Amino acid sequence: MLYREAGDYKTSYVDDAQTFPIAFDRWRYYVVLVVAFAIIPVFISDYMAKSVMIPFLVFCIAAMGLNILTGYCGQVSLGTGGFMAVGAYASYKLMTAFPELNIFFVVLLSGGITAAVGALFGLPSLRIKGFYLAVATLAAQFFLVWLFNKVPWFFNYSATGQITAPPRSVFGVDVTGPEVPAWGAYLFCAVFVFLLAWLMRNLTRGRVGRQWMAIRDMDIAAEIIGVNPLRTKLSAFAVSSFYVGIAGALFFSVYLGAAEPTEAFGINQSFLVLFMIIIGGLGSIFGCFAGAAFMIMMPVLLKNLMVDGMGWPTTIATHFEFVIVGALIVAFLILEPHGLAQLWRLMKEKLRLWPFPH
Amino acid sequence: MSIHAAEAASDDVAYASQEEAHGIEPRRIGGTVMEMKNITLRFGGVTAIKDISFDIKEHEIRAIIGPNGAGKSSMLNVINGFYHPQEGEIWFRGAKRGPMKPYEIAQQGIARTFQNIALFKGMTTLDNIMTGRMTMMKTNFWQQAMWWGSAQREEVEHRRRVEEIIDFLEIQAIRKTPVGRLPYGLQKRVELGRALAAEPKLLLLDEPMAGMNVEEKEDMCRFILDVNDEFGTTIALIEHDMGVVMDIADRVVVLDYGRKIGDGTPEEVRANQDVIDAYLGVSHD
């Protein structure tokens with residue numbers, strides 16, 4: 001009954017084009033912001049931060065990145081893991097080469113470096129489409145991981161071949177290294193998620209986003225209208241890789257602390273992020289959050305339920321977790337092929353009329 | 001020309017139509033906008049278009065007709081740069097056109113619609129038409145990323161123009177509907193809107209009335225005539241419905257097997273023996 005546009009008059013085009021046209025949605029958005037930035041940091045435990053919130057936030061960013069490329073611009077990519085590795089190694093090299101540089105800018109610069117690499121690997125997209133492009137990006141995935149394994153310069157010639165994040169702080173609070181307070185790491189990631197989601201909304205609501213979507217929906221018509229396909233596709237690759245690079249940098253420096261490319265940034269990560277955006281919803285910002293939440297939080301929830309709730313041994317619970325998550329993915333895709341974002345949209349359309357059917 | 005200017009011009013046209021009652025020609029067909037000189041287009045061994053020349057004059061409605069496979073759509077594809085003819089010259093607004101990409105030609109002011117609707121299915125009507133104005137948007141990537149300020153101002157300014165087109169085409173009610181959900185006739189109308197949004201110097205319509213019922217055809221005819229009248233847009237269209245072509249076209253060019261067999265006013269074309277033969281067949285006795 002609260003969820004109405006009735007009585008909420010739009011008197012300018014700016015009002016009409018706002019992100020949340022319904023008043024209730026706007027309030028919900030502010031509530032989410034307050035919870036995310038004022039309430040969770042106060043109460044967050046080490047366990048919650050380490051195994052739920054930080055991976056969730058990091059993968060939100062990665063999912064936003066891939067969604068820009070796949071959901072908005074229609075270019076399939078299986079190179080997400082490789083590009084996350086670029087972000088991680090860029091941040092490692094920057095942190096060790098410029099110890100004075102603030103970690104915030106290190107992460108941003110890592111995104112920038114990844115954007116350049118991503119645009120380079122996006123070049124084949126001009127000639128190849130669909131599955132064939134997916135295979136081409138797969139090459140990027142394997143090449144990049146191989147590169148970071150084989151060229152010692154990238155891991156500063158360390159004996160183990162691993163990279164380890166040195167301690168760095170923002171406003172005197174550690175966000176990387178061995179002694180990080182849970183709330184500090186959480187807030188650091190949350191700020192990035194907020195800024196990047198805002199940026200994504202800006203890019204997708206205007207000319208740039210419409211260019212991407214035009215290429216996605218009908219590339220020939222887009223070109224006839226005046227969209228330059230080369231620049232549009234490369235910009236999608238660059239922006240997408242910028243996001244994925246930031247996700248990789250945060251994944252390594254804040255979440256893992258120490259990483260080794262084959263395991264941390266393998267093809268599994270590429271698939272994980274791809275599942276997130278398919279389950280969450282292609283071409284939707286909310287879908288990125290929903291998909292990341294589903295893929296990160298559902299296993300943790302199931303594990304807690306089975307191990308703590310029902311007293312099963314951990315090994316069995318782990319196996320069952322795979323089975324159940326797999327079944328849930330299939331079930332969701334059958335129920336709603338357009339993802340959780342579409343379910344959300346349908347629910348909102350129903351809510352607008354509730355409790356009256358017409 | 002901006003739509004405001006076009007509206008001012010349409011006032012002139014209104015006066016002109018009053019003058020028409022006194023025997024004065026209402027629409028001023030101007031000089032040549034586009035000239036095709038000896039165009040030949042081959043695909044491997046197949047010659048789709050053979051040595052065709054014709055011109056399109058400012059403010060006129062120019063129809064291209066012909067039986068199936070005559071090379072009409074190929075001709076439009078040559079005009080908007082999708083195909084590059086092996087021989088011949090294309091002159092647009094007094095300058096010879098070099099080899100250009102389709103998006104560069106769009107930026108020169110040539111817009112088109114497609115025989116099979118080529119809308120952006122996942123986007124709303126509004127977004128589709130806004131995309132049509134893309135070549136006129138000047139803010140750069142960084143301004144777009146920041147949104148507040150110049151990008152938003154630009155968006156609102158273009159939205160105003162787009163709303164005028166939406167009003168003109170009477171599609172206010174489907175403004176926020178994804179076009180994939182719209183019926184065929186409305187999709188055709190949205191596609192026309194998207195082409196109009198670019199404020200083209202030359203508008204190419206590839207079978208704008210294909211697959212429509214009589215009522216929808218009449219609506220579409222009215223829109224085409226209104227576009228031509230109010231905005232003064234030069235239009236080149238391909239159409240199979242002879243009644244429509246004879247009614248709305250100023251001049252008609254007839255193609256058959258990639259050759260030009262007739263060119264002139266509808267009356268002249270109708271009287272042309274080659275055209276009658278092409279359409280009705282030649283008796284062999």
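Okay, straight to the six-stranded sheet in chain B: an open one, ordered 6-7-8-3-9-10, with mixed pairing. Strands here are DSSP runs of E, at least two residues, and helices are runs of H or I, at least four residues, both numbered from the N terminus. Two strands pair if DSSP finds at least two bridges between them. The edges are strand 6 and strand 10 (259–264) of chain B, each pairing on one side only. From one strand to the next the twist averages 15°; angles run from 0 to 180 degrees between N-to-C directions, and axes are lines fitted to C-alpha atoms, for helices over the stretch in contact.

Before I go on, this is a predicted model: local features need pLDDT of at least 70, side-chain atom pairs count only at pLDDT 80 or more, and totals for chains, interfaces and linings use all residues. Residues are numbered from 1 along each chain as its sequence is written, with chains lettered from A and ligands numbered from 1 in the order in which they are written.

Back to that sheet, at the strand 10 edge. Strand 9 (residues 251–256) and strand 10 of chain B run antiparallel, joined by 5 bridges. If you want a pair to click on, Asp256(B) has Arg259(B) in strand 10 of chain B as its bridge partner.

Now what packs on this sheet? Helix 2 (residues 72–79) of chain B does, touching strand 3 (61–65), strand 6, strand 7, strand 8 (234–238) and strand 9 of chain B. Its direction makes about 150° with that of strand 7 of chain B. Contact means that the C-beta atoms of two residues, placed from the backbone, lie within 7 Å.

Over at the other edge, strand 6 (residues 110–113) and strand 7 (residues 202–206) of chain B run parallel, with 4 bridges between them. There, Ile110(B) is bridged to Leu202(B) of strand 7 of chain B. In a regular strand, side chains alternate between the two faces of the sheet. In strand 6 of chain B, Ile110(B) and Arg112(B) point one way, Ala111(B) and Thr113(B) the other, and all are buried. Buried means 20 or more other C-beta atoms within 10 Å of the residue's own; exposed is 12 or fewer, partly exposed is in between, and the C-beta atoms are placed from the backbone. Helix 7 (residues 184–197) of chain B lies across strand 6 and strand 7 of chain B, at about 175° to strand 6 of chain B.

Next, the other sheet in chain B. It's open too, with 4 strands in the order 2-1-4-5 and antiparallel pairing. Strand 2 (46–57) and strand 5 (95–96) of chain B are at the edges with a single partner strand each, so one side of each is left without a neighbour in the sheet. Strand 1 (residues 32–43) and strand 2 of chain B share 8 bridges and run antiparallel, and Ile39(B) is partnered with Ile52(B) in strand 2 of chain B. Helix 2 of chain B turns up again here: it packs on this sheet, touching strand 1 and strand 2 of chain B, at about 65° to the direction of strand 2 of chain B.

Zooming out, chain B has 11 helices and 10 strands, and 42% of its 285 residues are buried. Of its contacts with a separation of 6 or more, 69% are between residues 24 or more positions apart. An unreviewed UniProt entry puts "domain: ABC transporter" at residues 34–282 of chain B; UniProt positions are in the numbering used here, feature names are shortened, and annotations may be inferred rather than shown by experiment.

So how many residues does each chain put into the contact between chain A and chain B? It's 31 from chain B and 25 from chain A. On the chain B side, helix 6 (150–169) is one of the helices supplying at least two residues, and helix 6 of chain B gives the largest share, 6 residues. By class, that side has 17 nonpolar, 8 polar and 6 charged residues. Nonpolar covers Ala, Val, Leu, Ile, Met, Phe, Trp, Tyr, Cys and Pro; charged is Asp, Glu, Lys and Arg; the others, Gly among them, are polar.

Last, chain A. Helix 4 (residues 80–97) and helix 6 (residues 130–150) of chain A pack at about 30°, axes 7 Å apart. Their contact residues include Gly81(A) and Ala85(A) from helix 4 of chain A and Leu144(A) from helix 6 of chain A. By class, that contact has 7 nonpolar, 3 polar and no charged residues.
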